[in-house]
Amino acid sequence: ETGDVTSETLNRGDVWLIGVMGEYSDLTGTTVESDKVVSVISGSFCAYVPIAVAACDFLIEQDLPMESWGYKYHATQIINRKKASYIRVFASEPNTAVYRDGNEWFLVRSVGGAEGQGYQERRAVADADMLHPVVISAKSRIAVTQYNCGQKDDNVQSDPFQLSLTPIEQYQTGFVWCTPGVNGGSSFRENYLNLCYKSTEEGLIPDDVEFGQVNSGGVVMWRKLNSFASDPGLTFIDPTESDP
């Protein structure tokens, strides 16, 4: 029930599984506190996103601790989808106003709690004809989770997945990732990367955005993104930034 409190003593390497079963069962908005460092993983073994929209899939994501939350996030569009993703926003302070593209979007009333109080959920863009990537921000720290919808949402082949978005305060100048199926196999025929970057004054891809390949512990075969992708992509609407 909403408001219930429980506790457990864990030793190094222990896992505490907290689950719920049944339609509309959801632990979202739960606050987890500990006196030593822990990791919190959330998800569902077969979630419909949104509820009652097929098809389901396994969701899993590591949640970010509150001290790593930020003030501004970029929520990108998912390739080929005709409708926008769902966005959940959590607040570090009560009565936090959340903004989308610089305009007030909604209010998160409490730190933790049920939907409508401890978090809010919306489509990133309600009108499918107005799809665009969005900037989500607040004047106090927030956490933002993006959910890709089931394929029956718009009849595009795609299964639900969950992303804990990274605030711009934690953006990096370099990162390494592993592509599923890169060494063969038929399970992952296509892979996509959504990349947010600061464009040039002309709105183009800057020269310092490069891709390389990891080989024997080092990165080799560097290539500028603008040498093989001339389209700069979609632009975020951010009134607080002078550049796209």
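# Reading cysteines, rings and cores in a predicted model

Modeller: A search of the whole structure, which is a predicted model, finds 1 disulfide.

Biologist: Which cysteines does the disulfide join, and where in the chain do the two partners lie?

Modeller: The bond runs from Cys46 to Cys56, with a distance of 1.7 Å from S to S. Cys46 belongs to strand β1 (residues 41–47), whereas Cys56 lies in the loop between β1 and β2 (57–62), so that the pair, 10 residues apart, links distant parts of the chain.

Biologist: Why is the disulfide called left-handed, and are its two cysteines buried or partly exposed?

Modeller: The handedness is read from the torsion about the S-S bond, which for Cys46 and Cys56 is about -45°, and the disulfide is therefore left-handed. As for accessibility, Cys46 is partly exposed with a relative accessible area of 33%, and Cys56 also counts as partly exposed, at 23%.

Biologist: Why does Cys149 form no bond to the closest cysteine sulfur, and how far is Cys196 from the nearest cysteine sulfur?

Modeller: A disulfide requires sulfur atoms within 2.5 Å, and the sulfur of Cys149 is too far for a bond because the closest cysteine sulfur, in Cys56, is 14 Å away. Cys149 is buried, with a relative accessible area of 2%. Cys196 is likewise in no disulfide, the nearest cysteine sulfur being that of Cys149, at 19 Å, and Cys196 counts as partly exposed at 24% relative accessibility.

Biologist: Let us turn to the aromatic rings. How should I describe a pair, and how many aromatic pairs does the structure hold?

Modeller: A pair of aromatic rings is described by the distance of the centres and the angle of the planes. The structure holds 5 aromatic pairs. In one of them, the rings of Trp105 and Phe106, the centres are 4.8 Å apart and the planes stand at 35°, so the pair is tilted. Both partners count as buried, Trp105 at 17% relative accessibility and Phe106 at 6%.

Biologist: What are the distance and the angle for the rings of Phe211 and Phe228?

Modeller: The centres of Phe211 and Phe228 are 6.3 Å apart and their planes are at 65°, so this pair is edge-to-face. Phe211 sits in strand β10 (residues 210–215) and Phe228 in the segment after β11 (218–224), 17 residues apart, which makes this a link between distant parts of the chain. Phe211 is partly exposed, with a relative accessible area of 22%, and Phe228 is partly exposed at 43%. These two rings also take part in a cluster, in which ring pairs link Phe175, Trp177, Phe211 and Phe228.

Biologist: What is the general idea behind a nonpolar core, and which residues of the largest one touch the most other members?

Modeller: In soluble globular proteins, nonpolar side chains tend to be buried together. The largest nonpolar core here has 22 residues, of which Ile87, Val89, Val98, Ile136, Ile142 and Val144 touch the most other members. Two or more residues each come from β3 (70–75), β4 (86–91), β6 (103–108) and β8, and β8 gives the most, with 6 residues.

Biologist: With which residues is Ile142 in contact, leaving aside its neighbours within four places in sequence?

Modeller: Ile142 is in contact with Trp69, Gly70, Tyr73, Val89, Phe90, Ala91, Thr96, Ile136 and Ser137. A second, separate core has 6 residues, including Ala47, Val49, Leu59 and Tyr86.

Biologist: Polar residues deserve a turn too. Where is Asn148 found, and what does its side chain reach?

Modeller: Asn148 is found in strand β8 (residues 134–148) and counts as buried, at 1% relative accessibility. Its side chain reaches the backbone oxygen of Asp159 at 2.8 Å. Beyond residues up to four places away in sequence, Asn148 touches Val49, Ile78, Arg81, Ser85, Ser158, Asp159, Pro160 and Phe161.

Biologist: Is Thr76 buried or exposed, and with which side chain does the side chain of Thr76 make a polar contact?

Modeller: Thr76, whose place is in the loop between β3 and β4, is buried with a relative accessible area of 18%. The side chain of Thr76 makes a polar contact with the side chain of Asn194, at 2.7 Å. Leaving aside neighbours within four places in sequence, the contacts of Thr76 are Pro133, Gln146, Asn194, Cys196 and Phe236.

Definitions and conventions:
Residues numbered from 1 in each chain as written. Predicted model: local features only at pLDDT ≥ 70, side-chain atom pairs only at ≥ 80, totals over all residues. Heavy atoms only, no water. Helix = DSSP H or I, 4+ residues; strand = E, 2+ residues; numbered from the N terminus. Buried < 20%, exposed > 50% of the residue type's maximum accessible area, 1.4 Å probe, protein only. Contact = heavy atoms within 4.5 Å. Polar contact = N/O pair within 3.5 Å; in protein donor to acceptor, adjacent residues only side chain to side chain. Core = buried A, V, L, I, M, F, W, Y, C linked by side-chain atoms within 4.5 Å. Phe/Tyr/Trp six-rings, centres within 6.5 Å; stacked < 30°, edge-to-face > 60°.
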